[in-house]
Structure formats: structure tokens, C-alpha cells
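Got your viewer open and a selection box ready? Here's a short walk through the model, one pick at a time.

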Amino acid sequence: MDIAVLCESMMLIIFGCSWPANIHKSLTSKTTLGKSLVFEVLVVIGYLFGITAKIIIFNRTGEMQVSFWFYLLDILLVSTDIVLYFRNLQIDKKMGRI
């Protein structure tokens with residue numbers, strides 16, 4: 001494995017480690033207060049650009065880099081937190097917090 005791909009994969013793994021904590025917070029707090037939907041959407045967009053780059057590299061070389069799978073996992077985690085954001089938004093409205 002190329003050292004650049006290893007470093008990129010490690011970055012994605014470390015970033016990915018933060019999302020389960022965010023998901024847990026969203027599940028237990030049941031509020032959108034302190035959360036930023038814009039931030040999470042921008043993170044997903046950034047990950048989509050990373051995936052696009054991996055697909056371009058695959059089309060050029062025929063090799064799917066391992067970091068591609070970490071991008072997918074991170075998008076899944078962030079998307080889970082986005083879904084919970086909308087659940088919590090409904091709870092906030094019902095509770096009169098917003």
C-alpha cells in the first residue's frame with residue numbers, strides 16, 4: 001500500500017471515530033441544540049468529493065484504493081447523524097424548544 005493512501009486512510013479512520021460519539025449524543029440528548037446541520041452536510045459533500053477522486057483513480061488504474069471504503073463508512077456515519085438531526089428537530093418542536 002502506498003504511504004499516501006495509508007495516511008489518507010488513517011485520517012478517515014480517525015475522523016470516523018468521532019461520529020459514533022456524535023450519533024450517541026444525538027440519540028441520548030434528543031435535541032438539535034448545539035448541532036449544525038450545515039456542518040454535517042458540508043462534511044458529506046467533502047467525503048463525496050473524496051469518493052469521486054477514488055472512482056477517477058479506479059477508472060484510470062483499475063485499482064480501488066482502500067481509502068474508498070473508509071469514505072463510504074464515514075458518509076454512512078454522518079448520514080446517520082443527519083437522520084437523527086431531523087428526528088430530534090421534531091422532538092424539539094413537540095417540546096417547544098424551537
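## Stop one: a tryptophan and its company

Select W19 and show what surrounds it: leaving aside neighbours within four places in sequence, W19 is in contact with F39, E40, V43, Y47, L77, V78 and D81. Keep in mind as you click around that this is a predicted model. W19 sits in helix α1. Is W19 buried or exposed? It's buried, with a relative accessible area of 5%.

While W19 is still highlighted, add Y71 and draw a C-alpha to C-alpha distance. The two are 52 residues apart in sequence and 13 Å apart in space.

## Stop two: α1 against α2

Now colour α1 (3-29) and α2 (37-61). Their axes lie 14 Å apart, and the helices pack at an angle of about 155 degrees. Angles over 145 degrees count as roughly antiparallel, so that's the label for α1 and α2. The crossing of this pair is left-handed.

For the contact itself, show sticks for E8, L12, F15 and W19 on the α1 side, and F39, E40, V43, Y47 and K54 on the α2 side. Sorted by class, the α1 contact with α2 has six nonpolar residues, three charged ones and no polar ones.

## Stop three: α1 against α3

Hide α2 and bring up helix α3, residues 67-95. The axes of α1 and α3 come within 9 Å and cross at roughly 20 degrees. Under 35 degrees counts as roughly parallel, and therefore α1 and α3 are roughly parallel to each other. Their crossing is left-handed. What's in the contact of α1 with α3, by class? You'll find 13 nonpolar, seven polar and four charged residues.

## Stop four: the loop after α1

Last, zoom in on the loop between α1 and α2, and pick K30, which is found there. Check its backbone: phi of K30 is near 55 degrees, a positive value in a residue other than glycine. K30 counts as partly exposed, at 41% relative accessibility.

Then move along to T32, in the loop between α1 and α2 as well. T32 is buried, with a relative accessible area of 8%. Which residues should you show around T32? Leaving aside neighbours within four places in sequence, pick Y85, N88, L89 and D92, which T32 is in contact with. Finish by drawing a distance between the side chains of T32 and D92: they make a polar contact at 2.6 Å.

Terms used
Residues numbered from 1 in each chain as written. Predicted model: local features only at pLDDT ≥ 70, side-chain atom pairs only at ≥ 80, totals over all residues. Heavy atoms only, no water. Helix = DSSP H or I, 4+ residues; strand = E, 2+ residues; numbered from the N terminus. Buried < 20%, exposed > 50% of the residue type's maximum accessible area, 1.4 Å probe, protein only. Polar contact = N/O pair within 3.5 Å; in protein donor to acceptor, adjacent residues only side chain to side chain. Contact = heavy atoms within 4.5 Å. Axes fitted to C-alpha atoms, helices over the stretch in contact; angles between N-to-C directions. Parallel < 35°, antiparallel > 145°, perpendicular 65-115°, else oblique. Left-handed = near helix turned anticlockwise from the far one by under 90°. Nonpolar A, V, L, I, M, F, W, Y, C, P; charged D, E, K, R; others polar.
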